[in-house]
Amino acid sequence: MKLNMVYFARLKDSFGTGQESLETDATSVAELLVELRLRGGNWATELGHGKTFRVACNQELAGPDSALRDGDEVAIFPPVTGG
Amino acid sequence: MQPFTVRVQTGRFDTGAEIDRLSCNPACGAVVSFSGLVRDYGDRQDVAALELEHYPGMTEKALHAIIEQAGQRWQLQAATIIHRVGYLALGEPIVLVVTACSHRKDAFAAAEFLMDFLKTAAPFWKKEILQNGSAHWVEAKHSDQAAIGRWQ
């Protein structure tokens with residue numbers, strides 16, 4: 001299935017991209033993160049254990065167990081700092 | 001009048017006009033506003049400007065959700081949240097929250113609630129640009145996370 005990935009702020013800079021279309025078999029956020037970490041480099045560092053980041057699925061905050069479906073928009077970003 | 005307004009924009013907003021807009025309901029005896037401005041220090045000293053990024057779509061949803069939560073706790077007759085993004089120089093307004101209620105206690109509390117949750121739940125990110133031209137992303141603050149604890 002295909003996911004529309006979006007990245008923001010420090011993670012966008014670190015990954016060198018703000019969005020990508022990702023072909024994956026991951027069925028949950030946790031599985032997706034395992035797959036992204038396997039890319040190594042900044043992907044492994046930024047999404048590593050002990051790092052703080054947020055995941056949103058279709059613009060709603062998601063947890064590790066959140067299910068993923070074909071066509072979902074999945075965003076990964078640092079904790080927010082607005083206001 | 002649309003009682004609940006959320007706007008994300010690059011341009012300046014007119015604070016007085018926004019307060020006036022919520023000050024014309026005879027049922028509302030109290031209108032409270034909060035303005036957030038670009039300050040000259042944050043994570044570092046000598047901040048010259050901020051660059052703000054957001055997640056279009058999710059931001060608006062998150063802000064409307066925060067207003068809805070406030071509406072469940074207080075008699076919130078009307079509320080406005082305006083947040084700017086892009087390049088903002090020192091002293092520029094960043095955010096405006098206006099609440100209109102029958103009584104001042106609700107208006108004060110709701111405005112503080114909206115700001116506390118905006119800071120931890122709305123997908124905005126600040127980058128500090130220093131006088132020397134260097135820039136870095138602002139780190140999330142534990143104090144902001146702690147601030148929402150008192151509303152639980």
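Two strands count as paired here if DSSP finds at least two bridges between them. Keep that in mind as you move through this predicted model, starting in chain B.

**Stop 1: the antiparallel sheet of chain B**

Select residues 47-54 and 124-130 of chain B. These are strands S3 and S7, which run antiparallel and are joined by 7 bridges. For one rung of that ladder, pick Glu51(B): its bridge partner in S7(B) is Lys127(B).

Now widen the selection to the rest of the sheet. It is an open sheet of 4 strands in the order S5-S3-S7-S8, with antiparallel pairing. At its edges you will find strand S5 (86-89) and strand S8 (135-137) of chain B, each pairing on one side only. Looking across the sheet, the twist averages 25 degrees from one strand to the next.

**Stop 2: the mixed sheet of chain B**

Next, highlight the other strands of this tour in chain B. Again 4 strands form an open sheet, this time in the order S1-S4-S6-S2, and the pairing is mixed. Strand S1 (4-9) and strand S2 (30-37) are the edge strands; each has a single partner strand, so one side of each is left without a neighbour in the sheet. The twist here averages 5 degrees from one strand to the next.

Zoom in on S1(B) and strand S4 (residues 76-84) of chain B, which run parallel and share 6 bridges. Click on Arg7(B), and in S4(B) you can find its bridge partner, Ile82(B). Then bring helix H3 of chain B into view: H3(B) packs on the sheet, where it touches S2, S4 and strand S6 (93-101), and its direction makes about 145 degrees with that of S6(B).

**Stop 3: Ala110(B) and the core**

Stay with the helix and select Ala110(B), which lies in H3 (residues 104-121) of chain B. Is Ala110(B) buried or exposed? Ala110(B) counts as buried because it has 26 C-beta neighbours inside 10 Å, and the cut-off for buried is 20 or more. Leaving aside residues up to four places away in sequence, Ala110(B) touches Ala70(B), Trp74(B), Leu76(B), Ala79(B), Thr99(B) and Cys101(B). For a distance to try in the viewer, take the C-alpha atoms of Ala110(B) and Leu88(B): the two residues are 22 apart along the chain, and the atoms are separated by 26 Å.

Which residues touch the most other members of the largest nonpolar core? Of its 61 residues, they are Phe8(A), Ala70(B), Ala79(B), Ala110(B) and Leu114(B). Select Leu114(B) as well; with residues up to four places away in sequence set aside, its contacts are Ile66(B), Ile67(B), Ala70(B), Ala79(B), Ile81(B), Val97(B) and Thr99(B).

**Stop 4: chain B as a whole**

Zoom out until chain B fills the window. You have 4 helices and 8 strands in front of you, following the pattern β-α-β-β-α-β-β-β-α-β-β-α along the sequence. Along the principal axes, the C-alpha atoms fill a box of roughly 50 × 35 × 25 Å. The radius of gyration of chain B is 16 Å, which agrees with the value near 15 Å for a compact globule of 152 residues. Of those 152 residues, 38% are buried. Among contacts between residues at least 6 apart in sequence, 77% join residues at least 24 apart.

**Stop 5: where the chains meet**

Show chain A alongside chain B. Here 13 residues of chain A are in contact with 20 residues of chain B. On the side of chain A that touches chain B, helix H1 (9-15) and strand S5 (73-77) of chain A are the elements giving two or more residues. That side divides into 8 nonpolar, 4 polar and 1 charged residue.

Pick Ala9(A) in helix H1 of chain A. Ala9(A) counts as buried because it has 24 C-beta neighbours inside 10 Å. Check its backbone too: phi is near 50 degrees, a positive value in a residue other than glycine. Most residues other than glycine have a negative phi.

**Stop 6: a hairpin in chain A**

Finish at strand S3 (residues 54-57) of chain A, which pairs with S5(A) in the antiparallel sense over 4 bridges. Within that pairing, Cys57(A) has Val74(A) as its bridge partner. S3(A) is also joined by 3 bridges to strand S4 (residues 60-62) of chain A, running antiparallel, and there Val55(A) stands opposite Ala62(A).

S3(A) and S4(A) form a hairpin with 2 residues between them, and Asn58(A) in the turn has a positive phi of about 50 degrees. Asn58(A) counts as partly exposed because it has 17 C-beta neighbours inside 10 Å.

Technical notes
Residues numbered from 1 in each chain as written. Chains lettered and ligands numbered in written order. Predicted model: local features only at pLDDT ≥ 70, side-chain atom pairs only at ≥ 80, totals over all residues. Axes fitted to C-alpha atoms, helices over the stretch in contact; angles between N-to-C directions. Contact = placed C-beta atoms within 7 Å. Nonpolar A, V, L, I, M, F, W, Y, C, P; charged D, E, K, R; others polar. Core = buried A, V, L, I, M, F, W, Y, C linked by C-beta atoms within 7 Å. Buried ≥ 20, exposed ≤ 12 C-beta atoms within 10 Å, placed from the backbone. Rg over C-alpha atoms; globule rule 2.2 N^0.38 Å.
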